[in-house]
Amino acid sequence: MKKTLLILLILVQVAVAQAQRPTIGISCSWSASKISVLNTYITSVIKAGGLPVVIPLSDNEELLSEYLDGIDALIMTGGEDYNPLLFGEEPVQALGEVSPDRDFYDLTLIKKAIEKGVPLLGICRGMQGINIAFGGTLYQDIPSTYGNKYIKHEQSLPGKWGSHTISIDKNSLLYEILGTEKTIVGSRHHQSVNKLAPGFTVTSRATDGIVEAMEKRDGKAVILGVQFHPEDMTAGGDTQMLKIFEYLIKQAQKK
Ligand code: MN
């Protein structure tokens with residue numbers, strides 16, 4: 001009898017511990033009619049104490065809205081280029097693969113998450129989407145549109161290694177999270193923020209001036225965008241980049 005009670009007690013404790021994990025929605029990639037998410041995002045959320053849930057691609061706004069009601073924070077992931085028509089530009093020659101289906105899904109999730117006060121972390125394409133959703137523009141291709149002096153942002157070394165330096169404003173959320181004005185990040189992009197969306201602040205740049213982070217803290221919930229890839233380094237064992245995910249989990253618990 002005592003043994004049964006003990007087992008019951010343990011089961012209840014396990015259930016409570018699991019219930020305390022906030023649910024973190026993760027946006028997916030879509031190609032050839034399949035959705036996918038890199039495991040590095042999943043691993044990072046679990047390492048930081050969250051319960052990852054992948055939100056399937058859909059053009060049904062009501063369905064996406066219901067998903068947002070069921071999560072405590074949202075991560076918008078990296079991926080294809082954005083269609084430049086979305087921000088009033090014609091495509092340049094070096095534009096990569098675009099996916100209008102995913103553009104619609106991403107921008108709907110971003111706009112609705114912010115309306116609903118869901119804490120939001122945008123990574124790479126995720127940050128670019130936040131900028132477009134609120135009226136900003138992108139460099140469609142850094143090498144052909146940014147100017148003469150730029151570093152290599154589209155790196156191919158394994159993601160657990162950082163590839164270029166960023167500076168971080170002292171008066172920023174990213175500084176509060178990472179506690180440093182300079183660090184090395186993983187970089188896999190050829191597009192980047194050009195005109196910043198109104199209401200946002202640039203808080204980090206690469207040595208060539210490319211925007212590496214943006215934020216907005218005066219809305220219903222915090223919005224943080226990073227151009228680099230903290231999930232790759234976190235999955236590879238980095239504990240500094242893990243702090244970005246731990247911060248999101250804390251915000252999710254407050255919600
Ligand atoms: Mn970069």
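In this predicted model, the side chains of D103 and R125 meet in a salt bridge, with 2.8 Å from N to O. The two residues belong to distant parts of the chain: D103 sits in helix α4, whereas R125 sits in helix α5 (residues 125–133), 22 residues away. Both D103 and R125 are buried. R125 also forms a salt bridge with D106, at 2.9 Å from N to O. This second pair likewise links helix α4, which holds D106, to helix α5, which holds R125, across 19 residues of sequence. D106 is buried, as is R125. Through shared partners, salt bridges join E80, R102, D103, D106 and R125 into one network.

The count of salt bridges comes to 10. Another of these connects the side chains of D69 and K116, at 2.8 Å from N to O. Here too the partners come from distant parts of the chain, with D69 in helix α3 (residues 61–69) and K116 in helix α4 (residues 100–116), 47 residues apart. D69 has a relative accessibility of 54% and counts as exposed because the limit for that class is over 50%. K116, by contrast, has a relative accessible area of 32% and is partly exposed, because this value lies between 20% and 50%. The three pairs described are set out below.

| Salt bridge | N to O distance |
|---|---|
| D103 and R125 | 2.8 Å |
| D106 and R125 | 2.9 Å |
| D69 and K116 | 2.8 Å |

**The sheet**

An open sheet of 9 strands has the order β4-β1-β5-β6-β13-β12-β11-β8-β9, and its pairing is mixed. Its edge strands are β4 (51–55) and β9 (182–185), each of which pairs on one side only. From one strand to the next, the twist averages 20 degrees. Helix α5, the helix that carries R125, lies across β5 (73–76), β6 (120–123), β12 and β13, and runs at about 115 degrees to β6.

Strand β12 (residues 211–216) has 5 of its 6 residues buried, so this strand is largely enclosed by the rest of the structure. Strand β12 pairs in the antiparallel sense with strand β11 (residues 201–206) over 4 bridges, and S204 stands opposite A213 of β12. The hairpin of β11 and β12 has 4 residues between the strands, and G209 in this hairpin takes a positive phi near 95 degrees. Strand β12 is also joined by 4 bridges to strand β13 (residues 223–226), again in an antiparallel arrangement. A213 has V226 as its bridge partner in β13. The connection from β12 to β13 is a hairpin of 6 residues. Strand β11 is further joined to β8 by 3 bridges, with the two strands running antiparallel; the bridge partner of I166 in β11 is A206.

**The manganese ion**

Which residues coordinate the manganese ion? The donors are H153 (ND1), H164 (NE2), S187 (OG), H189 (NE2) and E212 (OE), at 2.3 to 2.5 Å. Along the chain, these donors follow the spacing H-x10-H-x22-S-x1-H-x22-E. H153 lies in the loop between α6 (142–145) and β8 (164–168), while H164 lies in strand β8 itself, so this pair ties together parts that are 11 residues apart in sequence. Both H153 and H164 are buried.

**Helices α2 and α9**

Helix α9 (residues 242–254) contains 13 residues and reaches 19 Å from its first C-alpha to its last, close to the 18 Å expected at 1.5 Å a residue. The buried residues of α9 include L242, I244, F245, Y247, L248, I249, Q251 and A252.

Is S44, found in helix α2 (residues 39–47), buried or exposed? S44 counts as buried, because its relative accessibility is 0% and the limit for buried residues is under 20%. Leaving aside residues up to four places away in sequence, S44 touches E231, T234, A235, L242 and F245. Two of these contacts, L242 and F245, are among the buried residues of α9.

Key:
Residues numbered from 1 in each chain as written. Predicted model: local features only at pLDDT ≥ 70, side-chain atom pairs only at ≥ 80, totals over all residues. Heavy atoms only, no water. Donors = N, O, S within 2.8 Å, 3.2 Å for Na, K, Ca; no water. Buried < 20%, exposed > 50% of the residue type's maximum accessible area, 1.4 Å probe, protein only. Expected span 1.5 Å × (residues − 1). Pairing = 2+ DSSP bridges. Salt bridge = Lys/Arg side-chain N within 4 Å of Asp/Glu carboxyl O. Axes fitted to C-alpha atoms, helices over the stretch in contact; angles between N-to-C directions. Contact = heavy atoms within 4.5 Å.
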